[in-house]
Amino acid sequence: MPERNIEFGKYGARGLKGHEAVARRLDSLAGFVATPVTARRGLLARLHYLTRTDHSLRAAREAGLTVTDRTLRAWLAGDRTPSRANLARIETAYRTVRRNNVARYLLARLNREGRGTRVEFHPLNQSQVPRPRQRALSYRTLNVRHWDRIVQAWAADDEAALDEAWVTDAVVDLGSEWGQYEYVTSIGFAA
């Protein structure tokens, strides 16, 4: 695309890609367990979430948690503790299952029966860019009506698809200046 930045940050601008900011915001709306998986409380919360029903246990196994039921019971009882590799698998499985469980709810809230959701674009930080090279960027808002591909890519944890969906379904609606908001300080919206 002609508006895509090739050498972002060359003159000192700071920010993150818009789709990364959207993923962070969707993650915060998903309401993940705040306690880290390395703490006993965080581990138990994730394990209870992944094993409370047969459906969630199946989804956890599909997401990469491939230990036996006996090992899961030992972890829950506190008889054994998972290795670092298993802690990483538990965290990955938890996030994958949580995203898939919350995606349908978030999609309905964000689409709001076709009315969409107001999104705030906070421009990138140019405080370290020399004065002659700074661009005039302003805070922008946009009503995004189609969240289907964005939420689907986020739930699948597919960064390339999320970037493509975010740019084609949302950012281009900013008009001819959409390339200035490829990198942002933050993206804000509520669901």
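# Salt bridges and spaces

Guide: Helix 7 gives the largest share of the lining of the largest cavity, three residues. This is a predicted model.

Visitor: What makes a residue part of the lining of the largest cavity?

Guide: An atom of the residue must lie within 4 Å of a cavity point. Arg4, Lys17, Gly18, His19, Asp163, Trp166, Val167, Val171, Tyr181 and Glu182 line this cavity. Helix 1 and helix 7 each supply at least two of the lining residues.

Visitor: Why is this space called a cavity and not a pocket?

Guide: A cavity is a set of points where a 1.4 Å probe fits but cannot get out, whereas a pocket is an open set. About 50 Å³ of space lies in the largest cavity. The structure holds one cavity of 30 Å³ or more.

Visitor: How is the lining of the largest cavity divided by class?

Guide: Four residues are nonpolar, two polar and four charged. Gly counts as polar, so Gly18 belongs to the polar group.

Visitor: What is the volume of the largest pocket, and which residues line that pocket?

Guide: The volume is about 300 Å³. The lining includes Asn5, Phe8, Tyr11, Leu124, Arg133 and Arg135. By class, the lining has five nonpolar, three polar and four charged residues.

Visitor: Why is the pair of Arg99 and Asp27 called a salt bridge?

Guide: The N to O distance between their side chains is 2.9 Å. The cut-off is 4 Å, so the pair qualifies. Arg99 is in helix 5 (residues 84–111) and Asp27 in helix 1 (residues 18–30), 72 residues apart.

Visitor: Are Arg99 and Asp27 buried or exposed?

Guide: Both are buried. Each therefore has under 20% relative accessible area. Asp27 and Arg99 are also linked with Asp157 in a network of salt bridges.

Visitor: How do you know that Arg46 and Glu91 form a salt bridge?

Guide: Their side chains meet at 2.5 Å, N to O. That is within 4 Å, so the criterion is met.

Visitor: What does the salt bridge of Arg46 and Glu91 tie together?

Guide: Arg46 lies in helix 2 (residues 40–51) and Glu91 in helix 5, so the pair ties together parts 45 residues apart in sequence. Both Arg46 and Glu91 are buried.

Visitor: How far apart are the closest N and O atoms of Arg149 and Asp169?

Guide: They are 3.0 Å apart, and the pair forms a salt bridge. Arg149 is in helix 6 (residues 148–155) and Asp169 in helix 7 (residues 159–169), 20 residues apart.

Visitor: Why are Arg149 and Asp169 called partly exposed?

Guide: Buried means under 20% relative accessible area, and exposed means over 50%. Arg149 has 40%, so this residue falls in between. Asp169 has 21%, so this residue falls in between as well.

Visitor: How many salt bridges does a search of the whole structure find?

Guide: Nine. Side chains of opposite charge can pair when their charged atoms come close.

Visitor: What surrounds these features in the chain, in terms of helices and strands?

Guide: The chain has seven helices and four strands. From the N terminus the order is β-α-α-α-α-α-β-β-α-α-β. Of the 191 residues, 41% count as buried. The accessible surface comes to about 10900 Å², with 47% belonging to carbon and sulfur atoms. The C-alpha trace spans about 65 × 40 × 25 Å along its principal axes.

Key: Residues are numbered from 1 along each chain as its sequence is written. This is a predicted model: local features need pLDDT of at least 70, side-chain atom pairs count only at pLDDT 80 or more; totals for chains, interfaces and linings use all residues. Side-chain values use heavy atoms; hydrogens and water are left out. Buried means under 20% relative accessible area, exposed over 50%, partly exposed in between (1.4 Å probe, protein chains only). On a 1 Å grid over the protein atoms alone, a cavity is a set of points where a 1.4 Å probe fits but cannot get out, and a pocket is an open set with protein on both sides within 12 Å along at least five of seven lines; lining residues have an atom within 4 Å of a point. Grid points are joined across faces, edges and corners, and a volume is the space filled by probe spheres set on the points. Accessible areas come from the Shrake-Rupley method with a 1.4 Å probe; for residues, only the protein chains shown count as cover.
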